[in-house]
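Got your viewer ready? Let's walk through this structure one selection at a time.

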Amino acid sequence: MPYTAGGFPGSGQSIFYSHGPIPQLDTVHLDQSHGPVFLDAEAQLDMYRVLLDRLDSRALAPDKSRDVIHHLIRDL
């Protein structure tokens with residue numbers, strides 16, 4: 001995610017969206033301070049699909065991400 005994107009929902013937690021050929025089996029795994037949380041209700045999954053689609057649309061392309069990482073490493 002480019003620094004110019006600023007803050008965005010979901011940036012403060014680990015989100016793992018597991019999906020496959022049967023959408024009813026999709027699951028979201030969140031790491032929370034009180035332990036892992038697994039979500040599988042359709043409304044919850046829809047919310048995380050939208051969130052992750054928004055993040056994906058704002059994320060840097062892989063080559064641009066590599067450039068940012070290399071730049072950060074050089075500055076250390």
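Start by selecting Arg49 and Asp46: their side chains meet in a salt bridge, at 2.6 Å from N to O. Keep in mind that you're looking at a predicted model. Both residues sit in helix 1, three residues apart, or about one turn of the helix. Asp46 is partly exposed, because its relative accessibility is 37%.

Stay on Arg49 and add Glu42. Here's another salt bridge between side chains, this time 2.9 Å from N to O. With 43% relative accessibility, Glu42 is partly exposed too.

Now add Asp26, whose side chain makes a salt bridge with that of Arg49 at 3.3 Å, N to O. What does this pair tie together? Arg49 is in helix 1 while Asp26 is in the loop between strand 1 (14-18) and strand 2, so the bridge links parts that are 23 residues apart in sequence. Check the surface around each partner: Asp26 counts as buried because its relative accessibility is 5%, whereas Arg49, at 24%, is partly exposed. Show Asp26, Glu42, Asp46 and Arg49 together and you have one network, joined by salt bridges that share partners. A search of the whole structure turns up three salt bridges.

Next, head for the largest nonpolar core. Select Tyr17, Val28, Leu30, Leu39, Leu45, Tyr48, Leu51 and Leu55, its eight residues. Helix 1 (42-58) and strand 2 (27-32) are the elements that give two or more residues to it, and helix 1 has the largest share, with four.

Zoom in on Val28, which belongs to strand 2. Is Val28 buried or exposed? It's buried, at a relative accessible area of 0%. Leaving out residues up to four places away in sequence, Val28 touches Ile15, Phe16, Tyr17, Val37, Phe38, Leu39, Leu45 and Tyr48. Try a distance from Val28 to Phe38: ten residues separate them in sequence, and the C-alpha atoms are 5.6 Å apart.

For a stop on the surface, select Ile69, Ile73 and Leu76, which make a nonpolar patch of about 370 Å². Leu76 lies in the segment after helix 2 (62-75) and counts as exposed, given its 87% relative accessibility.

Finally, zoom out and color by secondary structure. The protein chain has two helices and three strands, and from the N terminus they run β-β-β-α-α. Of its 76 residues, 16% are buried. Switch on the surface to finish: about 5,900 Å² is accessible, and carbon and sulfur atoms account for 59% of that.

Conventions
Residues numbered from 1 in each chain as written. Predicted model: local features only at pLDDT ≥ 70, side-chain atom pairs only at ≥ 80, totals over all residues. Heavy atoms only, no water. Patch = residues over 30% accessible without salt bridge, like charges linked within 9 Å, V, L, I, M, F, W, Y side chains within 5 Å. Areas by Shrake-Rupley, 256 points an atom, 1.4 Å probe, with all protein chains shown as cover. Salt bridge = Lys/Arg side-chain N within 4 Å of Asp/Glu carboxyl O. Buried < 20%, exposed > 50% of the residue type's maximum accessible area, 1.4 Å probe, protein only. Core = buried A, V, L, I, M, F, W, Y, C linked by side-chain atoms within 4.5 Å. Contact = heavy atoms within 4.5 Å.
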